[in-house]
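Reader: I would like to learn how to read ring contacts, domains and helices in a model. Could we go through them one at a time?

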Amino acid sequence: MLQFSDLPALIGGISPQQPAVAVAIERLLLDSRRVETPAASLFFALRGPQHDGHRYLPELYRAGVRQFVVEAGAAPPGGLAAYPEAGFLVVDDVLATLQTLAAHHRRQFRLPVFGITGSNGKTIVKEWLAQLLSPDELVCKSPRSYNSQVGVPLSVWELSGRHTLGIFEAGISEPGEMVRLAEVIQPTLGIFTNLGTAHDAGFASSEEKVAEKMRLFEHVDTVFYCADHPLVHAAAAQQLPPAARAAWTRHRATYAAGEARWLVSIEESSADRTVLRMEEAAAPPHTFTLPFADAPSVENALHCLAVLLSWPALEPAEIQRRLARLQPVAMRLEMKQALNECYVLDDTYNNDLAGLRLALDALARQPRRLPRTLILSDVLESGLPEADLYARVAALLPASGVARLIGIGPGISAHHQAFAGLQTQFYPDTPAFLAAFRPDDFRRELLLVKGARRYGFERIVAALQQKIHGTVLEVNLDALVHNLNFYRRRLQPGVKLMVMVKAFAYGSSSMEVANLLQFHRVDYLAVAYADEGVDLRRQGISLPIMVMNPAPDSFDTLRQYHLEPEIYSFELLHACLAAARQAPLPPVHLKLDTGMRRLGFGEEDVPELGALLHANAALLPVASALTHLASADEPGHDAFSRGQLAAFARMVPRLEYALGYPILRHALNSAGIVRFPEAQPDMVRLGIGLYGVEASGQEPDALRPVSTLRTTISQVKTLPAGHTVGYGRRGEATAHDRRIATLAIGYADGYDRRFGNGVGEVLVRGQRAPLVGNVCMDMCMVDVTNIAAARAGDEVVLFGEGLPLIELATRIGTIAYELLTNVSERVKRIFVAE
Ligand SMILES: *Cc1c(COP(=O)(O)O)cnc(C)c1O
């Protein structure tokens, strides 16, 4: 076992202080929020543009972490003396040290290891290959898509002496990165999935990108790839010795020229299966059937098939049996509403220790204050003796708040004594659980359903999911974080970020969004009304919260929940002062009107306001002054906007002078952040941009859509020529027959009536279909004459990817804000994250 005192010799650095008690290092820790086994952890204080791990040393030390890798020159807060029992390793580059340590760990094991790279499909190929080979191999693989400079070392750290195969993916975004990953993974086998055409900002050309990716395979025996990707093929020919090239092709000419080992021909392709023939020199051709037909899945499966055909001692009939069991990989963790006010976190694809840890992390981060229940299958491929394994699983549970465990499988059942102290039930297999299943056994709980593929836990999720009305608003939390980071990158150093979560977080549900923002450490939240702030506090949000429209009678509530009011009039100020005389209030925010002419103190009010603040300086702390631009998104009004910013810059110093101390200044909303980068005083207020709408129009492709509104087709009818559809006979009669689909959504769900009669469009099977007739209260109709495959039960997108909010809003003369906030509360929200 690795000891702290071994580190300098192994990975460099100097150690000015040793831990008081040395504990063998089991866990590499990068995130102060993920402490599990503090004493056995080694924390790496990574530093990035938005983040500095050194800041969390005091918190980690309090949590019991005693072993730290820090950067030379970045003194730990308080100096070493503040951590008397801790050991420090001081290095020049913390990330490089993490990688060196992982590379050292990798060298302890001799086993075949796959390195997988390429633009798309890495994670699916990795999961499938692990599934296809795991009957014979004990596989260690990257959890989810841990393929970065940080994720790869953490993945490789999981290797143990019992594993017989490693499968790790490597993703890069800049030249020079692959060599570092290759040193950590030390692959002996390789798969290059494909090369996307997407423009990659980090590379000068696609050739440079492919050459860099190929560097993963510099010391590899065999690389599997498709010779039909010209750039991949060319790079392989240039960078790999002939014996290492194991390509497949769809083109007989390529095969005949000896440039590929396998020739693939598709013999049959129907809606849900593909029959293909693989020819390989000298051997009789084999026919295989894949249980799907879409092109990306077929390509991913072909990479796996090439590996299986080269794998020692695998008969074609056995390969076929394994291929038949392939299933789509759920790339993201979905949170679903379920029966009796339960929520289900659905993670039913695989179940190894690393994946379980990630899923439990996700469970711990869920904001809902409901009791946590874990439904868990046997944990496979840990490489540990079972008694150790289940002891480790049991040790993971308290940190994520699991109080009840339902274990399914012979392994976990046999080790039930490891879970003493929890409420437990055990079943030998999934059918036994389902036979005993009673809906009343589950009520107001948050359930994590985590099972290895072969346990078929999707049947459990189906049993738990309440029959919900077919319309949902899907909120993609990864897209939200992507958008958050886009705006963060635009902030000048030190500028704080307030995020507007008013109006139910622009329709997407304030609680989940606020919780995610708290996790990502934004500085402030803002809501419109005190009630919204109270809800957030009750759900455990501890960030500072500004309330924009505090009612004069809400001061007691504001005080009780520590909500900071915005003061926009003398009347409100006097009410506030009166309340502050009773008992101290949280700090307030002064709203200055510089041109919006809605709420706020005007420039002419500054003398009186200053005098009042001065006279009551001890009574009423002021946190900030803000103003709001009337037309931040319209270049035509830039002169006006700059006038507003100038007025703001004149007013605030006079208030600060009266108060006798400086206060935060903020003026910019989402569009303003993009359009006035030079005017970011101390803080900005991000709103619609977080939710995926780039209101300035200047960066149309920078954001990802966050919300997708979907429903289902209830029925499809053929409408004879000359007939109309719906109320008021408004759906126009035409000269030919039409197919009309009725959708399970109407204006009571928040779908705007103005979309009726051809104004709006929806997506059915990826194609646009126009509305016909009026939008009704609970349903509406679309014309699917041109979408022959449309059927009852099909999913329909009302807005989201492929149907942008801005376009739809323009069609009915409104703005994206209105479409987002109109989605009614009866529409279920589903949250997804990768
Ligand atoms: C809603 C709001 C914002 C955010 O505006 P977006 O255009 O959604 O970015 C900023 N400031 C105030 C005062 C607001 O009310």
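Reader: Where does Arg404 lie with respect to Phe442?

Author: A charge counts as sitting over a ring if NZ of Lys or CZ of Arg is within 6 Å of the ring centre and within 35 degrees of the ring normal. Here Arg404 is found over the face of Phe442, 4.9 Å from the ring centre. Arg66 lies over the face of Tyr61 in turn, at 3.9 Å from the ring centre. Do keep in mind that this is a predicted model, where local features need pLDDT of at least 70, side-chain atom pairs count only at pLDDT 80 or more, and totals for chains, interfaces and linings use all residues. Residues are numbered from 1 along each chain as its sequence is written, and side-chain values use heavy atoms, with hydrogens and water left out.

Reader: How many aromatic pairs does a search of the whole structure find?

Author: A pair of aromatic rings is described by the distance of the centres and the angle of the planes. Rings of Phe, Tyr and Trp (its six-membered ring) pair if their centres lie within 6.5 Å; planes under 30 degrees apart count as stacked, over 60 as edge-to-face and the rest as tilted. The search gives 20 such pairs. In one of them, Tyr390 and Phe419 have ring centres 6.5 Å apart and planes at 65°, so the pair is edge-to-face. Tyr390 belongs to helix H13 (residues 386-396) and Phe419 to the loop between helix H14 (410-414) and strand S21 (423-427), so the pair ties together parts 29 residues apart in sequence. Helices (H or I, at least four residues) and strands (E, at least two) are DSSP runs, numbered from the N terminus.

Reader: Are Tyr390 and Phe419 buried or exposed?

Author: Buried means under 20% relative accessible area, exposed over 50%, partly exposed in between (1.4 Å probe, protein chains only). Tyr390 is buried at 1%, and Phe419 is buried at 2%.

Reader: Which rings are linked into a cluster?

Author: Ring pairs join Phe43, Tyr61, Phe68, Tyr83 and Phe88.

Reader: And how should I read a helix, say H3: how many of its residues are buried?

Author: An α-helix has 3.6 residues a turn, so residues three or four places apart point the same way. H3 (residues 94-107) reaches 20 Å from its first C-alpha to its last, close to the 20 Å expected, where the expected span is 1.5 Å times one less than the number of residues. Ten of the 14 residues of H3 are buried, including Val94, Leu98 and Leu101.
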